[in-house]
Amino acid sequence: MAVAMMTTVVLLFVVGVFDSTPHGVVHASMQGGAVPASTAPQSLQQSGQQQQQQAASTGQAAAVGPGLVELTKLRAYAAALDEELIANAAPGATYVGGSKGQEMRNPCWRDPTSKALSCVPGAYIMGTFHAGATSLAAKLSRHPQVLLDQMSHSQFWAEDGKKMADFVDGFSAAAKEIDDGAKSKLILEVSQSTLAFYLASGAKAHRHFSAVIGPCFRNCSENSAAHSHTQDGEENIDMETCMGTMCYPAAREADMKVATDHGYDYVRDQNNPTLMRAVYGNTLPRLVVVLRNPVARIHSAFFGYPHYYEKHGRHQAGFLAYVKEQVAGFRACEAGGHSSDECALLFETFGPTQEKVYFHCDQLLRGMYTVWMEGWLRAFPREVIHVVHAEDLFTKTQDTVNGIIAFLGLEPFDTAGWEAAKFAGPTRSYAADQAMLPEANQILADFYRPFNDRLAALLEDERVKEWNTRKAPASMRTRLS
């Protein structure tokens, strides 16, 4: 059958190494207790229960469950998702540094032949955008114990085309400095796109989807016809029907099969946190997250990126039109029988309707913080995550930065050091000249409320609920970007 053509339309986490459980087992406990069963995949829970039962039978102390992970199994799953990533990481996720109490702060390893030292970053600033992460990174970069290198601004985890071999090589100068004696220094990677691993920023974990959807799209396109009927009078299948009935289902099936074959939850586990944990293994990172009122964040993003306001207009009414378009696109996904989390994580995999939504609701998705935080908490323990409110970073900058530095285990800034660091980074506001119409504020507040409530419960932080009732600032003339 012939086919007619369809037009288609794409936190700060700071990771410092931390102590781990015995070799071969990854420990994912919450601060003050275990990760709730609801936040740990069933396969991981079962692994934890088996480990605890075994420990009980032998009289050995059991690590806190249920978030125990078999590292060999995890790395096999990650290799099936991104073979190059695991092939060029530390063999067996075994490091000569990086654990609590060790002199070397970063996870490093030596080539068995050349003995050259390679390292992956001990610290990441992973977003979110429009919450002060850029300025925070600039301030931290002034710290005498922080190292930057060629790949420190690489957006590596969120961009599928970036290779692990290049990522590791991009920190070779930092690794050499560490090997030459600077063992107490911490390598910093700054990529604000890493926090929210919706499909466009999480494609490393969905290469099997891409491997099917691309060729299938070309097949549908190459078999298209210029007329509505073939020469023998057979009615054509339009491009959208071809993609929707053939390509998307086949691509999703191929993508889901990887999780099924390895005993993982496709929706909850097939993501960047899983890949990063497979690379870091038992050398647990510390994570610092900067979160901003999601209504204020998307307002800033709209006026910060020309492709949004050039479509809708750089004014209040333009922002309102954008908000209505994006929320309607997301609600249509939910109306198609998908959960809100599925729509956030896998939006454009569901078919042509979602594919056609402008930029796939990307900025709306970024503010659904609880979806991303739940994902990171499935891969990393709560006690190594430090959450910062952007409002504190904006108004109590020195105290907030000092808290992050202490959490990373670095020496505090001395007086001269802070004087050099405090004005580092931009203080711009993209939306300073644009008040938000009450209707836009209400639509967004209603949209984000259930996600804010979930986040408040997840983090045990009632301040998050203030985002539900407090009107987003009309303008912010002195804000960190």
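Are C108 and C119 buried or exposed? In this predicted model, both C108 and C119 are buried. These two cysteines make a convenient entry point to the disulfides of the chain, which are taken up one by one below.

A disulfide is a covalent bond between the sulfur atoms of two cysteines. With a cut-off of within 2.5 Å between sulfur atoms, the count for the model comes to 4 disulfides. When the bonded cysteines are counted along the protein chain, the connections follow the pattern 1-2, 3-6, 4-5, 7-8.

To return to the opening pair, the sulfur atoms of C108 and C119 lie 2.0 Å apart and form a disulfide. The angle about this S-S bond is 100°, and the link of C108 and C119 is right-handed. Because C108 sits in strand β7 (residues 108-110) and C119 in strand β8 (residues 117-119), the pair ties together parts that are 11 residues apart in sequence.

Another disulfide brings helices into the picture. C220 is joined to C242, with an S to S distance of 1.9 Å. The torsion about the S-S bond of C220 and C242 is about -70°, so this disulfide is left-handed. Helix α7 (residues 207-222) holds C220 and helix α8 (residues 239-262) holds C242, so the pair ties together parts that are 22 residues apart in sequence. On the solvent side, C220 counts as buried because its relative accessibility is 1%. C242 is buried as well, with a relative accessible area of 3%.

Helices also carry the link between C333 and C343, a disulfide with 2.1 Å from S to S. Here the angle about the S-S bond is -100°, and the link of C333 and C343 is left-handed. The pair connects distant parts of the chain, with C333 in helix α13 (residues 316-335) and C343 in helix α14 (residues 340-346), 10 residues apart. C333 has a relative accessible area of 1% and is buried, while C343, at 0% relative accessibility, also counts as buried.

What of C361, and why does its sulfur form no bond with the closest cysteine sulfur? That closest cysteine sulfur belongs to C333, and the separation of 8.2 Å is too far for a bond. The cut-off makes the reasoning plain, because a disulfide calls for sulfur atoms within 2.5 Å. C361 nonetheless counts as buried, at 0% relative accessibility. C333, for its part, is already joined to C343.

Methods. Residues are numbered from 1 along each chain as its sequence is written. This is a predicted model: local features need pLDDT of at least 70, side-chain atom pairs count only at pLDDT 80 or more; totals for chains, interfaces and linings use all residues. Side-chain values use heavy atoms; hydrogens and water are left out. Helices (H or I, at least four residues) and strands (E, at least two) are DSSP runs, numbered from the N terminus. Buried means under 20% relative accessible area, exposed over 50%, partly exposed in between (1.4 Å probe, protein chains only).
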